[in-house]
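Please look over the model below. The text that follows takes up its internal cavities and then one of its sheets.

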Amino acid sequence: MSERLKIRTPKSPNSSKLPRIMARKSSLLKQTLIFSACTILIIYAFFNTFLSSSTTAATTGISSTTSSLFAEQISRENFQEFPEKVTENEKKVRVFMYDLPKKFTTGIIENHALARGSSDLSKVSYPGHQHMGEWYMYLDLSQPDLDRVGSPVVKVNDPEEADLFYVPVFSSLSLIVNPARAGTVPGSDPVYSDEKMQEELVEWLEEQEYWRRNNGRDHVVFAGDPNALYRVLDRVKNAVLLLSDFGRVRSDQGSLIKDVIVPYSHRINVYNGDIGVEERKTLLFFMGNRYRKDGGKIRDLLFQMLEKEEDVVIRHGTQSRENRRTATRGMHTSKFCLNPAGDTPSACRLFDSIVSLCVPLIVSDSIELPFEDVIDYRKIAIFVDTESSLKPGYLVRMLRAVSTEKILEYQKEMREVKRYFVYSDSNGTVNEIWREVAQKLPLIQLMINRDKRLVKKDSTEPDCSCLCTNQSARITSL
């Protein structure tokens, strides 16, 4: 048995070569398959690139039905459905500025100069005043886009491409063309009629195809002075109005939702020094017209209370070059600047205070403020309701209690937001106005579409594009 176990089956002479032969055959087979696959892919890629999808199936041997479906899925036509890369300008709101007749723009500048005795109209320019924001808006859209760096809107020359239409009328300057109101000064017969300009402007607008198309809802009109366009406001109220406040605008004419609050143009020099109180020896400063109408009557009461207080400078003064120099010195050397209401809730003095880094003390219960979506005014100003401000000694005691550290905080915040109130800054007021206007576009489109389906009716009640402005007293805040 043991011998039998030792017996082994003899090997065939070719048995050791078989694995090598099989390995070579396997390798050749793999190479053949790889080569065939590559060849098929190359042929497919070639015909898919240079021949139409309809011939692909016959060339590659794939069934015509399957091939045509596959080719349809990957065709260039389908790739065109994906959005192309959008440029920065294509993302921006597109604005078309009307080329108004001269009598609504530069003609008003010329009339202003003529009314003051100018004989050489070639040298006249837009005069400086507190509502000259309309000039800067016009100037902005008159520039090439290359010079409008950082603007939230892009100017277009074809009205068919426009999202919004800007009406560059100088409505605020038109109010002050005549040096004196007709009948107030003997022999001061007007050489110019603001009322006539307003009527002719609206007549011109109502003839324009793009105004009629949406009843002016996609138009933007600057009316900075509270009395600007007062005669025709009902006929342009659908437009986005650029207003300084709502003091003389009815609730069915203007609203925070539809319109944009814009700052006055500051009339004193910007303070370029550092923050600090060492050079600011005066506690509270005010210089302006003591006697005003409506809500501005508080000025005379505040004068009576404050004019004898220590470290308080309060003076009556109207707009003049010398008074502006005096106001500049006063604001640049004071810790706080009084900002009472004028004939309407707002006044240019607030913006003079901010660019002076003089902490505004605001006494105006119904004031609306520009760019409040990005500026928290409690960080740069003190608000006092009218009733509290008239308590004897209240304002002075409150201001004396404010620490130096707190004043420095106010100044630091004012320095951060100062550019918002400088129209001449290339990244300042104009860009911020356009930013807020651009944000109105979805609502404008909503109102346009809504108007198309509603039954027209006469009504003086505010519609859903209106929002009542603040009519309640402001709680005193520090």
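Which helix gives the largest share of the lining of the largest cavity? In this predicted model, that helix is α20, residues 441–453, which supplies 3 residues of the lining. The lining as a whole is made up of 10 residues. Those that lie nearest the centre of the cavity are R217, N238, K258, L443 and I444. Sorted by class, the lining has 5 nonpolar residues, 3 charged ones and 2 polar ones. The space inside this largest cavity is about 70 Å³. Counting cavities of 30 Å³ or more, the model has 4.

The sheet comes next. Its 5 strands run in the order β8-β7-β9-β10-β11, and they pair in the parallel sense to form an open sheet. Strands β8 (312–316) and β11 (382–383) are at the edges; each has a single partner strand, so one side of each has no neighbour in the sheet. At the β11 edge, the pairing with β10 (residues 359–363) is parallel and rests on 2 bridges. One residue pair can be named here: L361 has I382 in β11 as its bridge partner.

Helices also pack against these strands. Helix α13 (residues 298–306) packs on the sheet and touches β7 (282–288), β8, β9 (334–340) and β10. The direction of α13 makes about 135° with that of β8. Helix α18 (residues 404–417) lies across β9, β10 and β11, and runs at about 95° to β10. Strands β9 and β10 are thus listed for α13 and also for α18.

Methods: Residues are numbered from 1 along each chain as its sequence is written. This is a predicted model: local features need pLDDT of at least 70, side-chain atom pairs count only at pLDDT 80 or more; totals for chains, interfaces and linings use all residues. Side-chain values use heavy atoms; hydrogens and water are left out. On a 1 Å grid over the protein atoms alone, a cavity is a set of points where a 1.4 Å probe fits but cannot get out, and a pocket is an open set with protein on both sides within 12 Å along at least five of seven lines; lining residues have an atom within 4 Å of a point. Grid points are joined across faces, edges and corners, and a volume is the space filled by probe spheres set on the points. Helices (H or I, at least four residues) and strands (E, at least two) are DSSP runs, numbered from the N terminus. Ala, Val, Leu, Ile, Met, Phe, Trp, Tyr, Cys and Pro count as nonpolar, Asp, Glu, Lys and Arg as charged, and the others, Gly among them, as polar. Two strands pair if DSSP finds at least two bridges between them. Contact means heavy atoms within 4.5 Å. Axes are lines fitted to C-alpha atoms, for helices over the stretch in contact, and angles run from 0 to 180 degrees between N-to-C directions.
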